[in-house]
Amino acid sequence: MAFGPYLLLATLEGLVTAAVLALMALGLSLVFGVMRVVNVAHGEFYMLGAVLAWWFASLVSGHPAIGFLLALILSPLVVAAVAFIAERLVLSRLNYEPEATIVATIGLLYILQQLALTFYGPEARPVQAPFDMRISLPWFGYSAYKLAVIAASALMMLATWVLLTRTKIGLVMRATQFDRETAQAFGIPVDRVYAGVFALGAALAAVAAVLIVPIQQAHYLMGLDPLLLSFIVVIIGGLGSLRGTVVAAILIGLSDGIISMFFSPTLAKMLATLLVALVLVFRPQGLFGTVAR
Amino acid sequence: MREDRNSNILSSSGLTRRTALKGLGAAAGLMAAPGFVRYAQAQSSEPIRIGFQCHRTGIGAAYGRWYERVTTATAKLINDEGGINGRPLEIVIEDDGTDPARGSEVVQKFANQHKVDLVYGTLFSHVVVGSAPMAGELKIPYYVVSEGYHVASGKMNRYCVQPGITDVKAQVRSVAPWIADNLGKKVTLVYPDYAFGHDHRDFFEPAIQAQGGEVIAKVPIPPTETSFTRYFPQIPRDTDVIYHVMVGPAVLTFVKEMGEFFGSGGPQLFGFIDSLEAVDINSPGLEFLEGSHFWEGMPRYAQPDQPDYMTFYRETVGIDENGASRNDPQDVSTAAHMFGCWETLYVIKAAMETADYQGPDDRTKLIEATEAMTEMEAGREHPQGPKVFNGKIHQVFGEQNISQVKDGKLEVVHRTSIDDGLYEPEADYTTMSF
Amino acid sequence: MRDARSLWLHAAVILLLFALNFLLPEYHRGIFSRVMVLAVFAMGYNLAFGYTGLLSLGHAMFFAAGLYGTGLTIYHLGWSVWPALGAGLLAGTLLALVIGFLALRTTGVAFMIVTLMFAQVFYLTTLYFTTYTRGEEGLVLPQAMRTLALPGASFSLTDPTTRYMAALALLTIALGLTLFLVRSPYGRALIAIRENEERMRMLGYDVFANKLGSVVISGLICAAAGAAYAVLFGYVGSGFASIQYSILPLLWVLLGGAATTLGPFVGTLFMFYIIDTASDYTTAYLLVVGLALILLILYFPKGIAGTVRERWLPWLP
């Protein structure tokens with residue numbers, strides 16, 4: 001394939017990866033930023049979102065779009081509820097000790113994985129895309145749904161941005177993030193904010209998962225790789241920076257795709273990872289972070 | 001739910017098996033029919049215990065579940081027919097988490113805690129390789145059902161055997177001539193960038209060259225990859241055939257994205273069904289596979305001309321004509337591999353009977369009896385087809401199926417011969433000490 | 001008094017483990033050999049994480065460097081065990097030096113992510129060179145080559161007693177080294193850095209050099225565990241370089257008690273037995289493991305040894 005179309009393909013692929021990654025990382029970044037909690041179970045919320053999407057979609061017959069939309073609405077809600085309960089039952093009692101929460105969320109990871117394996121099974125199952133269209137370019141074909149994923153993700157990011165910056169909920173969240181004690185002194189129910197943030201973070205992961213299941217499949221072990229990638233995105237972008245998270249997601253998505261044009265795939269992955277690591281080595285606060293912690 | 005149901009099936013069959021065996025033991029004395037003579041000689045009615053190293057969790061769980069079902073069904077059948085040397089067969093299951101370190105621990109547990117007679121049933125190559133040293137040190141026979149080239153390479157030890165499923169080297173050599181004759185001579189390989197994929201690459205290239213074909217490009221995919229489209233431009237335009245073999249949960253994506261990329265105008269496809277084991281071939285997005293070809297160890301879909309023993313096998317392990325569970329048509333089996341469990345258990349039975357196996361002291365005799373095996377006839381014990389065992393490299397050889405997707409079903413279009421897969425042995429376990 | 005007590009305690013633990021070789025049933029003896037080697041891995045991790053406060057998610061690469069350094073020299077070059085162990089230690093130490101030098105430019109969560117990514121690169125490297133490493137599938141070291149030559153005698157490391165004793169010797173060295181370090185001025189400096197890096201800097205300490213030293217010694221201990229694993233269990237595979245083996249020592253240390261000398265061993269042993277026992281009773285054993293982790297951390301937030309120290313034995317090192 002000629003260089004131009006190849007680059008176009010690598011870019012498109014990179015953007016799809018980035019779109020999903022950005023959503024998931026945004027969820028992680030909220031939890032990380034507001035609660036200072038390393039949520040190892042974030043990838044499992046993503047997995048749970050995908051598995052539930054399959055289940056909801058399989059409940060209804062008729063046009064695949066109906067099942068998909070049902071999943072897009074219900075799956076994040078259920079995941080948010082699960083996260084809310086986990087936060088109230090476990091994390092809040094640990095006082096958000098960073099180290100204790102790592103163990104607790106690893107425990108949660110095991111529990112969610114086992115439940116998925118027991119009730120959903122070990123297979124990878126696909127959800128039908130809401131529409132099935134293949135765009136035929138002169139050089140290659142491309143799935144129209146993938147382009148829709150990029151758009152949907154952008155919309156979700158925008159909505160979250162509005163929520164964070166233009167609403168009272170967002171104000172309360174930012175206040176809590178900025179200074180927990182003072183927020184409490186001003187009558188902000190910090191406990192409820194934390195539970196809400198944890199649930200919102202999980203819901204964002206679930207939305208990312210619902211968007212991805214028509215492309216990839218729901219599988220009970222699907223959570224780990226996106227978890228690692230979204231950790232990387234959050235830190236590279238700079239903690240607490242929405243803009244940074246988006247830029248970092250695009251950077252990682254594209255570098256992975258474009259470097260793979262020139263090297264054998266595994267070598268490309270090694271180089272891309274090394275490159276991103278070195279960004280952090282020489283700019284420890286991340287691309288858009290201000291305070292080095 | 002599903003897992004619960006499973007364990008219920010297991011425990012209840014365990015119960016009925018035991019009670020059935022009590023009845024059998026009593027009946028054995030009554031039945032002096034010639035076929036039962038051997039059983040009457042048995043000195044002990046202690047069960048023969050086989051440790052089943054099962055991928056219940058981890059990346060191999062989809063295979064593990066079906067390996068477990070086939071193992072349970074086969075053990076029940078063997079017991080219903082009188083057991084081994086008149087002794088009932090008991091399967092002890094331990095989960096290895098599809099992890100080599102845990103696998104090695106599980107072998108220890110089988111040998112030293114459960115005190116089983118032998119260990120059996122591992123599929124994933126890295127678990128086999130990780131567990132083999134421990135099996136050798138504890139001097140416990142280790143019968144694997146893995147299709148890897150590890151055993152035949154001579155790098156394991158005298159206690160590791162693979163008598164129930166062919167290895168990747170033989171599979172690849174078997175299908176190469178057919179590919180060259182029917183699909184095309186310019187082949188691009190797409191494979192996972194680790195040992196399993198490298199085996200395909202290294203064995204296929206000389207095999208296709210021997211047929212006058214050539215490998216014009218190799219596309220190794222990193223195992224952590226979840227999206228594949230970006231690699232497809234590396235496939236040259238003049239490719240006749242894409243030879244693809246992927247494993248893991250992302251394989252469906254791989255096949256689907258290949259369809260989106262090439263549409264209907266792309267090269268011919270030849271794949272190893274490993275990519276789609278436990279996956280419905282009619283899943284959304286897989287439509288473009290129509291007309292493409294797959295290697296299958298044993299056909300997933302019931303074939304019109306299949307022999308009676310094949311029908312019997314399919315009924316006993318509980319799969320319908322589409323290769324899915326009888327209880328749940330969405331629960332697709334790993335039909336192309338799991339027959340290996342059935343055949344391996346029957347090989348163990350035959351070897352134990354030849355060696356007059358009494359207990360752990362006879363383990364070396366058991367290995368020697370297995371090594372002495374040569375031809376295995378197709379039939380109830382070997383429903384996949386006839387086999388030839390090579391005792392020097394502890395590896396069995398057999399026929400392979402090449403199937404085409406027609407109307408959303410896999411139809412066998414060619415069956416290779418045993419000779420197609422034979423190769424020069426690279427080792428001789430029989431000269432190694434126990 | 002305080003010093004004597006803790007020395008006696010450690011001596012007693014080692015003696016008890018020695019005695020257990022003769023008392024434990026065969027299966028559990030085998031398991032203890034393995035747990036002791038992995039506990040050394042956790043001890044190495046504990047030095048960086050527990051005592052110096054460096055939360056790394058990349059220690060699998062140091063363990064794997066030891067594993068591959070030893071395994072590949074035996075498998076491909078036919079080296080005998082001692083020089084091969086040396087190669088493993090050297091590989092791990094050099095890697096730790098380079099990684100530490102780069103990664104320590106960052107702190108906190110950025111350090112965690114940088115180490116994670118370097119470890120990922122290392123993991124992919126083991127796959128990229130599948131021709132030599134057999135990647136995921138791994139290599140089996142021939143039994144005959146796993147022989148430890150000592151003056152006057154040579155021992156096969158495939159023998160259960162030899163293996164147990166070798167693992168115990170390694171554990172004793174690692175435990176002794178940790179104990180010595182944390183009681184030395186250097187160890188106290190590391191703990192002080194963990195508590196307040198700024199103050200140490202103002203007091204004139206070279207914080208970077210101290211942390212680098214901690215990472216290198218930590219890498220050395222982890223590599224020793226990896227090298228020992230290769231010769232004792234005869235298997236070398238890239239799974240040991242994967243992220244899972246970076247998370248495990250963190251989990252073991254947190255369960256046992258961070259910044260305690262015995263915690264890593266206690267945590268490793270506990271984690272092994274909870275999995276092993278739960279899988280005897282249910283196929284859904286990961287559920288039990290998950291619940292156990294959560295309950296444990298709810299009621300013993302400082303880990304097992306950490307809680308014991310907090311509530312009952314304040315002198316515990």
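Me: Which residues of chain A are covered by the UniProt annotation "transmembrane region"?

Reply: In this predicted model, the answer comes from an unreviewed UniProt entry, which places that annotation on residues 6-33, 45-62, 68-90, 102-122, 142-164, 193-215, 227-254 and 266-283 of chain A. Such annotations may be inferred rather than shown by experiment, so the label should be read as coming from the record.

Me: What do the coordinates give for residues 45-62 of chain A, in helix, strand and end-to-end C-alpha terms?

Reply: Over residues 45-62 of chain A the chain is 83% helix and 0% strand, with the end C-alpha atoms 28 Å apart. Residues 193-215 of chain A, another of the annotated stretches, come out at 87% helix and 0% strand, and there the end C-alpha atoms are 34 Å apart.

Me: What makes the side of chain A that touches chain C, by class of residue?

Reply: The contact takes 35 residues from chain A and 36 residues from chain C, where being in contact requires C-beta atoms within 7 Å. The elements of chain A that give two or more residues to this side are α4 (98-119), α9 (224-237) and α11 (265-282), and α4(A) supplies the largest share, 14 residues. By class, this side of chain A has 24 nonpolar, six polar and five charged residues.

Me: What is the class make-up of the side of chain C that touches chain B?

Reply: Here 25 residues of chain C are in contact with 32 residues of chain B. On the chain C side, α2 (26-51) and α5 (108-128) are the elements that give two or more residues, with the largest share, five residues, coming from α2(C). The classes on that side are nine nonpolar, eleven polar and five charged residues.

Me: Why is chain C called as compact as a globular protein of its length?

Reply: The radius of gyration of chain C is 19 Å, and the globule rule gives 20 Å for 317 residues; the two values are close, and therefore the description holds. The C-alpha atoms of chain C, which has 14 helices and four strands, fill a box of roughly 55 × 50 × 45 Å along the principal axes. Of the 317 residues of chain C, 56% count as buried, that is, they have 20 or more other C-beta atoms within 10 Å of their own. Among contacts in chain C between residues at least 6 apart in sequence, 75% join residues at least 24 apart.

Me: Which residues have the most contacts inside the largest nonpolar core?

Reply: They are A:Ala53 and C:Val40, in a core of 351 residues; membership requires buried nonpolar residues to be joined through C-beta atoms within 7 Å. Helix α1 (residues 3-35) of chain A gives the largest share of this core, 20 residues, and the core also draws at least three residues from each of domain 1 and domain 2 of chain B. Leaving aside neighbours within four places in sequence, C:Val40 is in contact with C:Leu170, C:Leu171, C:Ala174, C:Ile221, C:Ala224 and C:Ala225. A second, separate core of five residues includes B:Ala170, B:Met376, B:Phe389 and B:Phe397.

Me: How many residues does each domain of chain B give to the contact between domain 1 and domain 2?

Reply: The domain assignment gives chain B domain 1 (2-166 + 334-398) and domain 2 (168-296 + 399-421), and their contact takes 17 residues from domain 1 and 15 residues from domain 2. On the domain 1 side, α3 (61-80), α10 (335-355) and β13 (395-398) of chain B give two or more residues, and the classes there are nine nonpolar, seven polar and one charged.

Key:
Residues are numbered from 1 along each chain as its sequence is written. Chains are lettered from A and ligands numbered from 1 in the order in which they are written. This is a predicted model: local features need pLDDT of at least 70, side-chain atom pairs count only at pLDDT 80 or more; totals for chains, interfaces and linings use all residues. Domain bounds come from an automatic or database domain assignment. Two residues are in contact if their C-beta atoms, placed from the backbone, lie within 7 Å. Ala, Val, Leu, Ile, Met, Phe, Trp, Tyr, Cys and Pro count as nonpolar, Asp, Glu, Lys and Arg as charged, and the others, Gly among them, as polar. A residue is buried if 20 or more other C-beta atoms lie within 10 Å of its own, exposed if 12 or fewer, and partly exposed in between; C-beta atoms are placed from the backbone. The radius of gyration is taken over C-alpha atoms; the globule rule is 2.2 Å times the number of residues to the power 0.38.
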